[in-house]
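I set out to record what can be looked up in this structure, going from the whole chain to single residues. The entries below follow the order in which I looked.

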Amino acid sequence: MSNLYCSDLSNMIAWSCLKDSHFRRNKRKKDEECMLTSIIAALEPSKRRRGGLVPGHKFKHRDREVAFAQIMRDYFVDNPLYSEEDFRRRFRMKKSLFLDMVHKITEKNSYFRQRENACGHKGFHPMHKCLVAMRMLAYGSPADSFNDTYRMAESTVLETVKQFARTIISVYESEFLQPPTKTELDTILQVNEARGFPGMIGSIDCMHWEWSNCPTAWHGQFKGRKGKTTIILEAVATQDLRIWHAFFGLPGSLDDINVLHRSPVFDDLAAGERPKTEFHVNGTKYDMCYYLADGIYPDWATLVKTYSEPVSQKERIYAETQESARKDVERAFGVLRSKFRIIYNPARLWSQRDLNDIMHACVILHNMVIEDERNLYSNHREFERSSDPPISQNRDVPEISELIKSYSRIRDKVVSNCLQKDLMEHIWQLYGNGAGPFLNRQGFCWYMETQVLENSSSLFC
């Protein structure tokens, strides 16, 4: 019995010694690994918390002060080298509007304020940055092309354009990309009634912007009917080319109907925020304004389409008049793309958010130029008055039953067909009387002569 006890005790002591040696070996191994990791971390160059020169990159002294002095001599001194017309052609706006824009942007975004670095050297002037951003939007040139002219590096140009677009949206969106005021809406209705379309408040259509740097994994979603990756812009424009609604960001694989179903263009009407407007067409009273659209759009009470295959003379006259008035949005797209070539050329940026900001900024700048130079409706100062606020201010969502009822009225096909027929009769009466859009038209005189000749020939037969 004592021998058995001694053997068990010796086994326990041996097992304890073996376990202790194993644990000490593992601990020593962990200590060595920790020490090795600390040595490697100490040998690696530490990341700097602030910017500056990157090791291995060559410093280029671009002398931005000389470039800014040249800009001042070219455009902003008392006797500049280039005239006001040259400035407007190159930067798409008047010099006075540009200077006011620079002042507001500098107040809003600290990125555009001139600051000094650690060596006491001044950075780019706000006017210098805004000028480069406008030139980039206007011509759509590669960012590296501004390196030798404006002494600004490619990365700085891209960052300046992005900051400029975001600041333009933040400062001017509430003023130049909003629903029309009550005064503006009345003027739009009067202008379009004289054109033969009472109750019409604009024309709607979509435009595609090619995205050359679309990620490969997204090509199937953004590839349009022409086999190129695009992003869609839906817009509503009036005769003066002012864009009142812009909805951008949907992939190019969608058509105009899919975009319309996702668009907020009728949200204010469904929510009851648009003022009620009554008008008469061919003796019938209607209480919802409408947009002119092409043939792909659905038969809704708020959309008026043309006849794709007109048969009678009455249908042909109506189709020509409707298509002529509907070209307002096409003209607006053409002016927008020719004015800002960055959205005419394929987009080379990677981020869809940056493209969204650039598109909205270009639309806002387009409206700013329209308002500054044409000023067809009224002075933009009246937008700030509380007595004439924008139509869509209250964003409270109504009851779901009321919302469904409103959308049912918007999508009423019966009202759409009746409105189209009444407009055709209305335009036919204007055509026969030589009034409205047919006043003093040579086509009216030619048509009356042909009618007389046809009647006379039928009599002789």
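**Surface and overall make-up.** I began with the surface of this predicted model, where the protein chain exposes about 26500 Å² and carbon and sulfur atoms supply 52% of that area. I then looked up the burial and found that buried residues make up 43% of the 461 residues in the chain. For secondary structure I noted 15 helices and seven strands. Taking the contacts between residues at least 6 apart in sequence, I found that 68% of them join residues at least 24 apart.

**Arg92.** I next turned to Arg92, whose place is in the loop between helix H3 (84-91) and helix H4 (95-108). Which side chain of opposite charge is nearest to Arg92? I found Glu373, but at a distance of 10 Å, and Arg92, although buried, has no salt bridge. What I did find for the side chain of Arg92 is the backbone oxygen of Lys339, which it reaches at 2.5 Å. Leaving aside the neighbours within four places in sequence, I listed the contacts of Arg92 as Phe87, Ala138, Tyr139, Ser338, Lys339, Arg341 and Val369.

**Salt bridges.** I looked up the salt bridges as well, and the count comes to 15. One of them joins the side chains of Arg88 and Glu373, with 2.8 Å from N to O. Arg88 lies in helix H3 and Glu373 in helix H12 (residues 352-373), so this pair ties together parts that are 285 residues apart in sequence. I checked the exposure of both partners: Arg88 is partly exposed, with a relative accessible area of 38%, and Glu373 is partly exposed too, with a relative accessible area of 28%.

A further entry concerns Arg409, which forms a salt bridge with Asp287, the closest N and O atoms being 3.1 Å apart. This pair also links distant parts of the chain, since I located Arg409 in helix H13 (residues 400-410) and Asp287 in the loop between strand E5 (284-286) and strand E6 (290-292), 122 residues apart. Arg409 counts as partly exposed at 38% relative accessibility, and Asp287 is partly exposed with a relative accessible area of 44%.

Then I looked at Lys305, which forms a salt bridge with Asp299, where the closest N and O atoms are 2.9 Å apart. Is Lys305 buried or exposed? At 15% relative accessibility I entered Lys305 as buried, whereas Asp299 is partly exposed, with a relative accessible area of 28%. I also noted that salt bridges sharing partners join Lys162, Arg166, Asp354 and Asp357 into one network.

**Helix H6.** My last entry is on helix H6 (residues 154-176), where I found a kink of about 40° centred on Ser170. Which residues of H6 are buried? I listed Val157, Thr160, Val161, Gln163, Phe164, Ala165, Thr167, Ile168, Ile169, Tyr172, Glu175 and Phe176. When I asked what covers these buried residues of H6, I found that the cover includes H4, helix H5 (126-139), strand E3 (243-251) and H12.

Technical notes
Residues numbered from 1 in each chain as written. Predicted model: local features only at pLDDT ≥ 70, side-chain atom pairs only at ≥ 80, totals over all residues. Heavy atoms only, no water. Helix = DSSP H or I, 4+ residues; strand = E, 2+ residues; numbered from the N terminus. Buried < 20%, exposed > 50% of the residue type's maximum accessible area, 1.4 Å probe, protein only. Contact = heavy atoms within 4.5 Å. Areas by Shrake-Rupley, 256 points an atom, 1.4 Å probe, with all protein chains shown as cover. Lys, Arg positive; Asp, Glu negative; His and termini not counted. Salt bridge = Lys/Arg side-chain N within 4 Å of Asp/Glu carboxyl O. Polar contact = N/O pair within 3.5 Å; in protein donor to acceptor, adjacent residues only side chain to side chain. Bend = angle between axes of the 7 residues up to and from the residue.
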